[in-house]
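Hi,

Here is the structure I said I'd pass on. Have a look at it first, and my notes follow underneath.

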Amino acid sequence: MIVQQHAQRLLDFIDTSPSPWHAVDSIEKTIQASQFIRLDESSKWQLQAGGRYYVIRDDSSIVAFVMGDGILAESGFRIVGAHTDSPGFRIRPNGATVSDGMARLGVEIYGGPILATFTDRDLSLAGRISFLDDGKQLTHKLVCFDEPLLRLPNLAIHMNRGVNEDGLKLHKQNELPLLFAQLTAEQLPKPYFLELLARAADLDTTQILSWDLAVYDTQKGTFWGANREFYANSQIDNLASCHAALQALLDNVVLDSAHSTLVCAFFDHEEIGSESHIGAGGSFLADVLQRIDIATSTEREDHARALAQSFLISADMAHAYQPNFPAAYDADHRVFVNKGPVIKSNANRRYSSESVSIARFIQWCEEAGVPYQRYSHRSDLPCGSTIGPIASAKLGIRSVDVGCPMWAMHSVRESAGVLDHDYMIRVLQQFFCD
Ligand SMILES: [Zn+2]
């Protein structure tokens, strides 16, 4: 029962998090309910042993932490890292255009989505808007169109006869603009779209200065399978890992018995390489960890000592075996949905795992009574990567790359196993309690 509940909470979390900005907002609401206190990077920090805190940088990356009762230089940080962004489409600044009365929004591709999966879906927009408030102060807020607003209709098979043999190919510049309205000759597309945006954000068009808007799929998450043993939603990569880490951190036993300082670090921009001031390649996590040290010790050496005692679990999703495509996998490293967290290895350090960090993760699995699996990508296919190698290099701490197995990574509708989400929560709890 608790297993299904965890998965239901994950689906609800994704449904309330249609963009990375909304994901951080959902996370903030969840941790505020557990008495976490927000810290401002421009203020002085005063931290208490056992205190619960979080820092948000630029709305879409967040670091939440629980101060341990041990001496930081001796107990170090226990960190779980994940990412808040998912691949898809972003609206271009002057994206609204019209031809033959059909208004469309031009998009840029964000990261590496499976483009064909965005066709014929009930798409809409979510993001944030910068605007002038009543006192003419510059401010910003989240915006979300709840109803389907956009669509990318397929060409009928009668006009694309080879589609089933050749696959659906979409020209990235010409064939991705999303249809959103039929306009009269008097209506101009840009002001028309601005009007829509203003209405959704409860603003006047004259207040709006700029915005970031992501395309999202309005279909809610669901369970599927004869025993509801699978679930489907968008953004499972990697909101499932954010959710698992958060659930592990918010467990009462974990919160009340933290010896090490426990950290959840969720970054934007993983899907585009992590190189930004809020990404895993930026200074955000290193800055937060250093400031925790500064707030708790006057010895400069203590920060290096704390890092030397620290460990990072980089949690991101893994590629589950799909029996229709056996040739896509290394036969000895197939991993299966609902068979436990996957430890990812790559000799070229696309993943940060090495024998010592892997052994420690195996121990935590065994202590938690959680099965685990080992994954290695086919040598003739380029291997993906994630925040593990980047964040561990940045901080100089040991790391392992793990994740739950899933199908259709980077589809707008991904799926995974109910049991695995619970397994991941349990092993991360074990890690935090260790
Ligand atoms: Zn990912």
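**Around Phe-193**

Phe-193 is buried, with a relative accessible area of 4%. Bear in mind as you read on that this is a predicted model. The residue sits in helix 5, which runs over residues 189–201. Leaving aside residues up to four places away in sequence, Phe-193 touches Ala-96, Leu-105, Leu-125, Phe-180, Trp-211 and Leu-213. I also checked Phe-193 against Arg-92: they are 101 residues apart along the chain, and their C-alpha atoms are separated by 12 Å.

**The zinc site**

Now for the metal. The zinc ion is coordinated by His-83 through NE2, by Asp-237 through OD, and by Asp-316 through two OD entries, at 2.0 to 2.5 Å. Along the chain, these donors follow the spacing H-x153-D-x78-D. His-83 belongs to strand 4 (residues 77–83) and Asp-237 to helix 6, so the pair ties together parts that are 154 residues apart in sequence. Both His-83 and Asp-237 are buried.

What about the geometry of the zinc site? It comes out as irregular, with angles of 54 to 141 degrees among the 4 donor atoms. That range fails the tetrahedral test because all angles would have to lie between 85 and 135 degrees.

**Helix 1**

Helix 1 covers residues 2–15, and its length checks out: at 1.5 Å a residue, its 14 residues should span 20 Å, and the end C-alpha atoms are indeed 20 Å apart. Its buried residues are Val-3, His-6, Ala-7, Leu-10, Leu-11, Phe-13 and Ile-14. They cover an arc of only 160 degrees around the axis, which puts them on the same side of helix 1. The general rule behind such a pattern is that an α-helix has 3.6 residues a turn, so residues three or four places apart point the same way.

And what covers the buried residues of helix 1? The cover includes helix 2 (20–32), strand 11 (222–224), strand 12 (230–233), helix 6 (236–249) and helix 12 (418–433). Helix 6 is also where the zinc ligand Asp-237 lies.

**Cysteines**

I searched the whole structure for disulfides and found 0. Cys-144 is in none, and the nearest cysteine sulfur, on Cys-242, is 18 Å away. Cys-365 is not in one either; for that residue the nearest cysteine sulfur is that of Cys-404, 10 Å away. Cys-365 is buried, its relative accessible area being 0%.

Over to you!

Terms used:
Residues numbered from 1 in each chain as written. Predicted model: local features only at pLDDT ≥ 70, side-chain atom pairs only at ≥ 80, totals over all residues. Heavy atoms only, no water. Disulfide = S-S within 2.5 Å. Buried < 20%, exposed > 50% of the residue type's maximum accessible area, 1.4 Å probe, protein only. Helix = DSSP H or I, 4+ residues; strand = E, 2+ residues; numbered from the N terminus. Expected span 1.5 Å × (residues − 1). Arc of directions from axis to C-beta. Contact = heavy atoms within 4.5 Å. Donors = N, O, S within 2.8 Å, 3.2 Å for Na, K, Ca; no water. Tetrahedral: all angles 85-135°; square planar, octahedral: opposite > 155°, others 65-115°.
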